[in-house]
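Me: Please take a close look at how the helix at the start of the chain is packed. I would like to know what it meets and how that contact fits into the rest of the fold.

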Amino acid sequence: MKTILHAMKTQEPMSGLPELLHCIVSHRDLHARLLNTLARMEYVGVRKMVKARHSDFLTVDGLQHMLEESAHALRLKKYAIGLAESPGQVKTFSSEHTLGGDAGEQYLQDVDAACAKSLEDIKNPQKTEMNYLLSSAMIEFRAEVFYPVYEACLRETGASFSISAILKDEERHLAQMIQSLEAHCPDWEVRCKAVQQAEAAAFSHWMKGVSESVEHALAVI
Ligand SMILES: [Fe+2]
Ligand SMILES: [Fe+2]
(Lines give C-alpha, C1' and ligand atoms only; values in the text may rest on other atoms or scores of the structure.)
(Ligands and ions follow the chains in the order given, each with its own letter.)
Protein backbone atom coordinates (compact mmCIF):
# COMPACT_ATOMS: atom_id res chain seq x y z
CA MET A 1 0.00 0.00 0.00
CA LYS A 2 2.80 2.41 0.91
CA THR A 3 4.63 1.69 -2.36
CA ILE A 4 1.46 2.48 -4.36
CA LEU A 5 1.05 5.83 -2.57
CA HIS A 6 4.75 6.64 -2.89
CA ALA A 7 4.72 5.95 -6.64
CA MET A 8 1.66 8.21 -7.08
CA LYS A 9 3.20 11.01 -5.01
CA THR A 10 6.47 11.04 -6.92
CA GLN A 11 5.22 10.78 -10.51
CA GLU A 12 5.74 13.67 -12.92
CA PRO A 13 2.41 15.60 -12.88
CA MET A 14 2.47 15.72 -9.06
CA SER A 15 5.62 17.88 -8.93
CA GLY A 16 3.87 20.62 -10.91
CA LEU A 17 0.53 20.26 -9.10
CA PRO A 18 1.04 22.87 -6.31
CA GLU A 19 2.00 25.52 -8.89
CA LEU A 20 -0.94 24.65 -11.15
CA LEU A 21 -3.40 24.73 -8.22
CA HIS A 22 -2.04 28.07 -6.94
CA CYS A 23 -2.51 29.54 -10.40
CA ILE A 24 -6.10 28.26 -10.56
CA VAL A 25 -6.99 29.32 -7.01
CA SER A 26 -5.71 32.87 -7.68
CA HIS A 27 -8.38 33.25 -10.41
CA ARG A 28 -11.83 33.06 -8.86
CA ASP A 29 -13.64 31.80 -11.98
CA LEU A 30 -11.01 29.16 -12.72
CA HIS A 31 -11.19 27.99 -9.13
CA ALA A 32 -14.99 27.69 -9.37
CA ARG A 33 -14.57 25.60 -12.54
CA LEU A 34 -12.01 23.33 -10.83
CA LEU A 35 -14.42 22.72 -7.95
CA ASN A 36 -17.12 21.95 -10.50
CA THR A 37 -14.76 19.46 -12.19
CA LEU A 38 -14.16 17.70 -8.87
CA ALA A 39 -17.94 17.67 -8.28
CA ARG A 40 -18.41 16.08 -11.71
CA MET A 41 -15.84 13.38 -10.92
CA GLU A 42 -17.52 12.60 -7.59
CA TYR A 43 -20.85 12.38 -9.43
CA VAL A 44 -19.48 10.11 -12.19
CA GLY A 45 -17.99 7.91 -9.45
CA VAL A 46 -21.47 7.53 -7.93
CA ARG A 47 -23.03 6.83 -11.34
CA LYS A 48 -20.51 4.07 -11.98
CA MET A 49 -21.14 2.55 -8.54
CA VAL A 50 -24.90 2.54 -9.01
CA LYS A 51 -24.53 0.82 -12.38
CA ALA A 52 -21.91 -1.70 -11.28
CA ARG A 53 -23.09 -2.96 -7.94
CA HIS A 54 -25.31 -6.01 -7.87
CA SER A 55 -27.96 -6.38 -5.16
CA ASP A 56 -26.45 -9.70 -4.07
CA PHE A 57 -23.30 -7.88 -2.92
CA LEU A 58 -24.71 -4.59 -1.68
CA THR A 59 -24.37 -3.94 2.07
CA VAL A 60 -25.04 -0.90 4.23
CA ASP A 61 -21.42 0.22 3.69
CA GLY A 62 -22.02 0.13 -0.08
CA LEU A 63 -25.10 2.35 0.23
CA GLN A 64 -23.21 4.67 2.58
CA HIS A 65 -20.36 4.92 0.06
CA MET A 66 -22.76 6.05 -2.70
CA LEU A 67 -24.43 8.55 -0.37
CA GLU A 68 -21.13 10.06 0.79
CA GLU A 69 -19.75 10.42 -2.75
CA SER A 70 -23.05 12.10 -3.72
CA ALA A 71 -22.63 14.46 -0.74
CA HIS A 72 -19.08 15.26 -1.91
CA ALA A 73 -20.40 16.12 -5.38
CA LEU A 74 -23.08 18.40 -3.90
CA ARG A 75 -20.70 20.10 -1.45
CA LEU A 76 -18.08 20.78 -4.12
CA LYS A 77 -20.79 22.03 -6.50
CA LYS A 78 -22.07 24.46 -3.85
CA TYR A 79 -18.52 25.72 -3.20
CA ALA A 80 -18.19 26.25 -6.97
CA ILE A 81 -21.46 28.20 -7.15
CA GLY A 82 -20.43 30.29 -4.14
CA LEU A 83 -17.12 31.18 -5.74
CA ALA A 84 -18.23 31.89 -9.32
CA GLU A 85 -18.89 35.48 -10.41
CA SER A 86 -22.30 34.24 -11.55
CA PRO A 87 -23.85 30.80 -10.81
CA GLY A 88 -24.36 30.27 -14.57
CA GLN A 89 -20.61 29.89 -15.02
CA VAL A 90 -20.70 26.50 -13.27
CA LYS A 91 -24.31 25.57 -14.01
CA THR A 92 -23.67 22.21 -15.70
CA PHE A 93 -20.77 19.74 -15.92
CA SER A 94 -20.03 20.67 -19.56
CA SER A 95 -16.51 21.50 -20.79
CA GLU A 96 -17.12 25.24 -20.62
CA HIS A 97 -18.26 25.01 -17.00
CA THR A 98 -15.38 22.77 -15.86
CA LEU A 99 -11.58 22.64 -16.19
CA GLY A 100 -10.58 19.54 -18.14
CA GLY A 101 -13.96 18.06 -17.19
CA ASP A 102 -14.04 15.57 -20.06
CA ALA A 103 -10.49 14.40 -19.28
CA GLY A 104 -11.50 14.09 -15.62
CA GLU A 105 -14.40 11.83 -16.52
CA GLN A 106 -12.11 9.89 -18.88
CA TYR A 107 -9.71 9.33 -15.95
CA LEU A 108 -12.42 7.36 -14.13
CA GLN A 109 -13.36 5.39 -17.25
CA ASP A 110 -9.69 4.52 -17.96
CA VAL A 111 -9.04 3.32 -14.40
CA ASP A 112 -12.22 1.23 -14.56
CA ALA A 113 -11.16 -0.32 -17.90
CA ALA A 114 -7.61 -1.06 -16.69
CA CYS A 115 -8.97 -2.76 -13.55
CA ALA A 116 -11.45 -4.81 -15.61
CA LYS A 117 -8.54 -5.99 -17.81
CA SER A 118 -6.51 -7.02 -14.76
CA LEU A 119 -9.45 -9.16 -13.58
CA GLU A 120 -9.97 -11.06 -16.86
CA ASP A 121 -9.29 -14.38 -15.13
CA ILE A 122 -12.29 -13.92 -12.79
CA LYS A 123 -15.86 -14.70 -13.84
CA ASN A 124 -18.93 -12.53 -13.30
CA PRO A 125 -20.63 -11.56 -11.04
CA GLN A 126 -17.53 -11.66 -8.76
CA LYS A 127 -15.53 -9.89 -11.45
CA THR A 128 -17.85 -6.85 -11.45
CA GLU A 129 -17.74 -6.67 -7.68
CA MET A 130 -13.95 -6.96 -7.55
CA ASN A 131 -13.69 -4.33 -10.24
CA TYR A 132 -15.71 -2.02 -8.00
CA LEU A 133 -13.34 -2.69 -5.09
CA LEU A 134 -10.13 -2.45 -7.12
CA SER A 135 -11.04 0.64 -9.17
CA SER A 136 -12.44 2.38 -6.06
CA ALA A 137 -9.19 1.62 -4.21
CA MET A 138 -7.07 3.06 -7.05
CA ILE A 139 -9.23 6.20 -7.20
CA GLU A 140 -9.19 6.57 -3.40
CA PHE A 141 -5.38 6.21 -3.44
CA ARG A 142 -5.28 9.06 -5.95
CA ALA A 143 -7.67 11.13 -3.82
CA GLU A 144 -5.30 10.62 -0.85
CA VAL A 145 -2.50 12.10 -2.94
CA PHE A 146 -4.43 14.86 -4.73
CA TYR A 147 -6.77 16.28 -2.05
CA PRO A 148 -4.04 17.04 0.58
CA VAL A 149 -2.13 19.13 -2.00
CA TYR A 150 -5.34 20.99 -2.83
CA GLU A 151 -6.21 21.44 0.87
CA ALA A 152 -2.71 22.85 1.55
CA CYS A 153 -3.24 25.31 -1.31
CA LEU A 154 -6.60 26.37 0.17
CA ARG A 155 -5.02 27.00 3.58
CA GLU A 156 -2.02 28.87 2.12
CA THR A 157 -4.33 31.18 0.17
CA GLY A 158 -6.77 31.78 3.04
CA ALA A 159 -9.76 30.12 1.37
CA SER A 160 -13.07 30.37 3.23
CA PHE A 161 -13.81 26.63 2.89
CA SER A 162 -12.00 23.36 3.53
CA ILE A 163 -12.12 19.91 1.95
CA SER A 164 -10.66 18.16 5.01
CA ALA A 165 -14.01 16.48 5.83
CA ILE A 166 -14.13 15.03 2.29
CA LEU A 167 -10.56 13.79 2.67
CA LYS A 168 -11.47 12.04 5.94
CA ASP A 169 -14.35 10.25 4.16
CA GLU A 170 -11.99 9.19 1.35
CA GLU A 171 -9.50 7.78 3.89
CA ARG A 172 -12.28 5.71 5.43
CA HIS A 173 -13.48 4.52 2.01
CA LEU A 174 -9.95 3.41 1.12
CA ALA A 175 -9.67 1.47 4.40
CA GLN A 176 -13.03 -0.23 3.63
CA MET A 177 -11.97 -1.11 0.07
CA ILE A 178 -8.71 -2.61 1.33
CA GLN A 179 -10.51 -4.59 4.02
CA SER A 180 -12.92 -6.05 1.43
CA LEU A 181 -10.10 -6.74 -1.04
CA GLU A 182 -8.11 -8.57 1.67
CA ALA A 183 -11.19 -10.77 2.22
CA HIS A 184 -12.22 -11.40 -1.40
CA CYS A 185 -9.11 -10.79 -3.51
CA PRO A 186 -5.96 -11.78 -1.56
CA ASP A 187 -3.63 -10.83 -4.44
CA TRP A 188 -5.14 -7.33 -4.67
CA GLU A 189 -1.81 -5.53 -4.25
CA VAL A 190 -0.36 -7.39 -7.25
CA ARG A 191 -3.43 -6.40 -9.27
CA CYS A 192 -3.18 -2.77 -8.10
CA LYS A 193 0.45 -2.68 -9.23
CA ALA A 194 -0.60 -4.10 -12.60
CA VAL A 195 -2.94 -1.15 -13.21
CA GLN A 196 -0.69 1.53 -11.71
CA GLN A 197 0.85 2.54 -15.01
CA ALA A 198 -2.56 2.93 -16.67
CA GLU A 199 -3.85 4.94 -13.67
CA ALA A 200 -0.80 7.22 -13.79
CA ALA A 201 -1.27 7.78 -17.53
CA ALA A 202 -4.96 8.57 -17.00
CA PHE A 203 -4.09 11.04 -14.22
CA SER A 204 -1.47 12.72 -16.45
CA HIS A 205 -4.07 13.02 -19.20
CA TRP A 206 -6.51 14.67 -16.79
CA MET A 207 -3.86 17.10 -15.53
CA LYS A 208 -2.99 17.94 -19.15
CA GLY A 209 -6.68 18.65 -19.79
CA VAL A 210 -6.82 20.96 -16.74
CA SER A 211 -3.63 22.80 -17.81
CA GLU A 212 -4.93 23.28 -21.35
CA SER A 213 -8.26 24.64 -20.06
CA VAL A 214 -6.38 27.08 -17.80
CA GLU A 215 -4.11 28.23 -20.65
CA HIS A 216 -7.10 28.71 -22.93
CA ALA A 217 -9.06 30.67 -20.29
CA LEU A 218 -6.09 32.91 -19.43
CA ALA A 219 -5.41 33.61 -23.11
CA VAL A 220 -8.98 34.88 -23.50
CA ILE A 221 -8.84 37.20 -20.43
FE1 LIG B 1 -15.44 11.47 -2.86
FE1 LIG C 1 -14.52 8.00 -1.63
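Reply: On the α1 side, the residues to look at are Ile4, Leu5, Met8 and Lys9, which meet Phe141, Arg142, Glu144 and Val145 of α7. Being in contact here requires C-beta atoms, placed from the backbone, within 7 Å of each other. By class, the contact of α1 with α7 has 5 nonpolar residues, no polar ones and 3 charged ones (nonpolar: Ala, Val, Leu, Ile, Met, Phe, Trp, Tyr, Cys and Pro; charged: Asp, Glu, Lys and Arg; polar: the others, Gly among them).

Before going on, please keep in mind that this is a predicted model, where local features need pLDDT of at least 70 and side-chain atom pairs count only at pLDDT 80 or more, while totals for chains, interfaces and linings use all residues. Residues are numbered from 1 along each chain as its sequence is written, and chains are lettered from A and ligands numbered from 1 in the order in which they are written.

Now for the geometry of your pair. Helix α1 covers residues 2-10 and helix α7 covers residues 126-156 (helices are DSSP runs of H or I with at least four residues, strands are runs of E with at least two, and both are numbered from the N terminus). Their axes lie 10 Å apart and make an angle of about 50°; the axes are lines fitted to C-alpha atoms, for helices over the stretch in contact, and angles between N-to-C directions run from 0 to 180 degrees. The two helices are therefore oblique to each other (under 35 degrees is roughly parallel, over 145 roughly antiparallel, 65 to 115 roughly perpendicular, and the rest oblique). The crossing of α1 and α7 is right-handed, a label used if the near helix is turned clockwise from the far one by less than a right angle, with left-handed for anticlockwise.

Lys9 deserves a moment of its own. This residue of α1 has 14 other C-beta atoms within 10 Å and is therefore partly exposed (buried needs 20 or more other C-beta atoms, placed from the backbone, within 10 Å of its own; exposed means 12 or fewer; partly exposed is in between). Leaving aside residues up to four places away in sequence, Lys9 touches Met14 and Val145. Ala137, 128 residues from Lys9 in sequence, is 16 Å away from it, C-alpha to C-alpha.

Your contact is one part of the packing around α7. Helix α4, residues 28-52, also packs on α7, at about 165° and with axes 10 Å apart. That angle makes α4 roughly antiparallel to α7, and the crossing of these two is left-handed. From α4 the contact takes Gly45, Met49 and Ala52, and from α7 it takes Thr128, Asn131, Tyr132 and Ile139. Sorted by class, the residues joining α4 and α7 are 4 nonpolar, 3 polar and no charged.

Following α4 outward leads to helix α6, residues 101-118, packed at about 30° with an axis distance of 9 Å. Here the crossing is right-handed. Thr37, Arg40, Met41, Val44, Gly45 and Lys48 of α4 face Gly101, Gly104, Glu105, Leu108 and Asp112 of α6. This contact of α4 with α6 has 3 nonpolar, 4 polar and 4 charged residues. In the loop between α6 and α7 sits Pro125, and the peptide bond leading into it from Asn124 is cis, with omega near 5°.

Towards the other end, Asp187 belongs to the loop between α8 (164-184) and α9. Asp187 counts as exposed because it has 9 C-beta neighbours inside 10 Å. Its C-alpha atom is 28 Å from that of Glu12, 175 residues away along the chain. Ala201 lies in α9, residues 188-220, and is partly exposed, with 14 other C-beta atoms within 10 Å. Ala201 and Ile166 are 25 Å apart in space, C-alpha to C-alpha, at a sequence separation of 35 residues.

Stepping back to the whole chain, the secondary structure comes to 9 helices and 0 strands. The C-alpha trace spans about 55 × 35 × 25 Å along its principal axes. The radius of gyration is 17 Å, which agrees with the value near 17 Å for a compact globule of 221 residues (taken over C-alpha atoms; the globule rule is 2.2 Å times the number of residues to the power 0.38). Of the 221 residues, 39% count as buried. Among contacts with a separation of 6 or more, 79% come from residues 24 or more positions apart.

Methods:
Contact = placed C-beta atoms within 7 Å.
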